Amino acid sequence: MIINSRFFNRSELMGFIALAAVLFVILPLTLDVFRLNLVAKYLTYAFVAIGLVLCWGYGGILSLGQGVFFGLGGYCMAMFLKLEASSVENTKIQSTPGIPDFMDWNQITALPFFWQPFHSLTFTILAIILVPGLFALIIGTAMFKRRVGGTYFAIITQAVAAILTILIVGQQGYTGGINGMTDLRTLKGWDIRPDHAKIILYFVEVVLLFACIGIAQFIRLTKLGRILVAMREQEDRVRFSGYSVANFKIFAFCMAAIFAAIGGAMFALNVGFMSPSFVGIVPSIEMVIYTAVGGRMSIFGAIWGAILVNFAKTSLSESFPQLWLFGLGALFIAVVLAFPNGLSGLWADYVQPRIDRLFASRRAKAGWADNSVADGAPAE
Amino acid sequence: MLIGHQPKEFLLAVSGLTVSFDGFKAVNDLSFYVEENEIRVIIGPNGAGKTTVLDLICGKTKATSGSIQFRGKELTKMKENEIVQTGVGRKFQTPSVFEDLTVFENLEISFPRGRTVFGSLTFQRDQLVEDRVEEVAEMIFLKDKLNTYADELSHGQKQWLEIGMLLIQDPDLLMLDEPVAGMSVSERAKTAELLNRIIKNRSVLVIEHDMKFVEDIAHKVTVLHQGQILSEGTMEKVKNDPKVIEVYLGH
């Protein structure tokens, strides 16, 4: 008698198929490698957006510090790649060969202890998940157990983003400073820079993205997903139904952090460098804007938001670099005022009903009404 | 007064309970005892501390001093969700239901299973859950609204839904804060009927202003005034207490 027996409802299934068709078939066939690599860069933000849908859209926890986790994931990956690029042969002109170039420039003569384990790819992959996950666990526990929430939590995440940026920039010898980690070359001896490698990395990223969509959708459909929604509305009622609200918030925040970190790691691989400009306050807020524009209640909507806003950013900032930030601000205001559920809300309100009528005329089947969470709007 | 060793096992024993907000004592050295299967109504003028007493018992507000024993466990040291798990349920004054979820999902969340993060990830909607939800939905007159989103319910229906959410928790002590406030006459009658049915095999602590309703259900009435007990006993006794008439019932 109850719905939800399927993993995706019909409109979500259409969103899934549309996204898979665009990312797996249409874009690789129509774009040159340079543009495809740009899409790969946009998609790294889609990981962050999925996390924000769970954490902000469902759980009501607005984090303005997702750049922190994106950065931690990205830096973990970049450290591994940088170490591999800094072999003794590659760096024999340095005064200390075998360490990353920026360390040599900063008069560091031995690899710091926390860099040592990043020689191992297994450790690196674990670190990409665990370092941001544990960091989110610590922040989440400290905040949510003390009932810090809402605006205060958002401001604190902003502060964390600012602190991490300052730390990275200040500790030049250990982190590469403001320039970040550049000149990343190979992954286990496999060159990540040529065109065919870019194409393979693109597909790896899309597969990972769909894995994350699957995980997020699974969480959304369990009772935990419904508790997140319940918590967003009536925190006290959840508490007095016998749940520890803090633990559920911590879980949502950690999941969002891990998704963001996977995006960051893919960024380092696809774009070939990592720098503090993807960690701080501005990128963190931009990530929230992508999610809001796409639709914070919709996994597919948020992914489209990340792709489209970044596409607009690239095109507009190429032609009008000064105007872009104003445009982004205006877009965010427009979304909040005019269509709070973003593109997916517009899709659900205007496009979906037409499609439904089309279906309904063919097979008259009533009884499902779950369009509160609809899919994203496919680009033309 | 009840002093020293109690021959009878009380379900809830509140003793010397005090809470002060910046020096203002909302509840002042309050002691009362609720027996098994007793229906206790707390009445009193506005600001008497009635809601604060419920907040203290369910852990929403922390006591400044005093003790609250529930089946021998000290509630003042426990977290809200632990208090719920020991068997205390609380309904709020304004209906607090999850409006973006259906009636079924609202009731399901309150079903006492899978209350940890991992438990809720692996929670299965099995026959037991569905049967229990349907049973409760029938009791609260919402059987044909299981797939309706809660924001489409009327005020009275939301109140019933919240009562249903408590019912499915199956608490030993049910605390209701003005359950019939804002209800129509017919809804009031239905609610009284509902409460009379659900209070079997459990103790109930009710705050209510509607004297007719209080007379209908109360075993014992406690009158609060300025955070202290003014009078306690049967409705008959309390109604004829000159102090009560002066501060509360007289006008």
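**Helix packing, sheet order and chain contacts in chain B**

In chain B, helix H6 lies across strands E6 and E7 and runs at about 175 degrees to E6(B); the model described here is predicted. Helix H1 (residues 50-58) of chain B, for its part, lies across E3, E6, strand E7 (173-177), E8 and strand E9 (220-225), and its direction makes an angle of about 145 degrees with E7(B).

The strands crossed by these helices are part of an open sheet of six strands in chain B, which follow one another in the order E6-E7-E8-E3-E9-E10 with mixed pairing. Strand E6 (88-91) and strand E10 (228-233) of chain B form the edges of this sheet, each of them pairing on one side only. Between neighbouring strands of the sheet the turn is 15 degrees on average, with direction ignored. Within the sheet, strand E3 (residues 39-43) and strand E8 (residues 203-207) of chain B pair in the parallel sense, the pairing extending over four bridges, and B:Ile42 stands opposite B:Ile207 of E8(B).

Contacts between the two chains involve 24 residues of chain B and 21 residues of chain A. On the side of chain B that touches chain A, the elements that give two or more residues are helix H2 (80-86), helix H3 (103-110), helix H4 (117-121) and helix H6 (155-169) of chain B. By residue class, this side of chain B comprises eleven nonpolar, seven polar and six charged residues. Helix H6 of chain B thus appears in both settings, as it lies across E6 and E7 of chain B and also gives two or more residues to the side that touches chain A.

Methods: Residues numbered from 1 in each chain as written. Chains lettered and ligands numbered in written order. Predicted model: local features only at pLDDT ≥ 70, side-chain atom pairs only at ≥ 80, totals over all residues. Contact = placed C-beta atoms within 7 Å. Nonpolar A, V, L, I, M, F, W, Y, C, P; charged D, E, K, R; others polar. Pairing = 2+ DSSP bridges. Axes fitted to C-alpha atoms, helices over the stretch in contact; angles between N-to-C directions.
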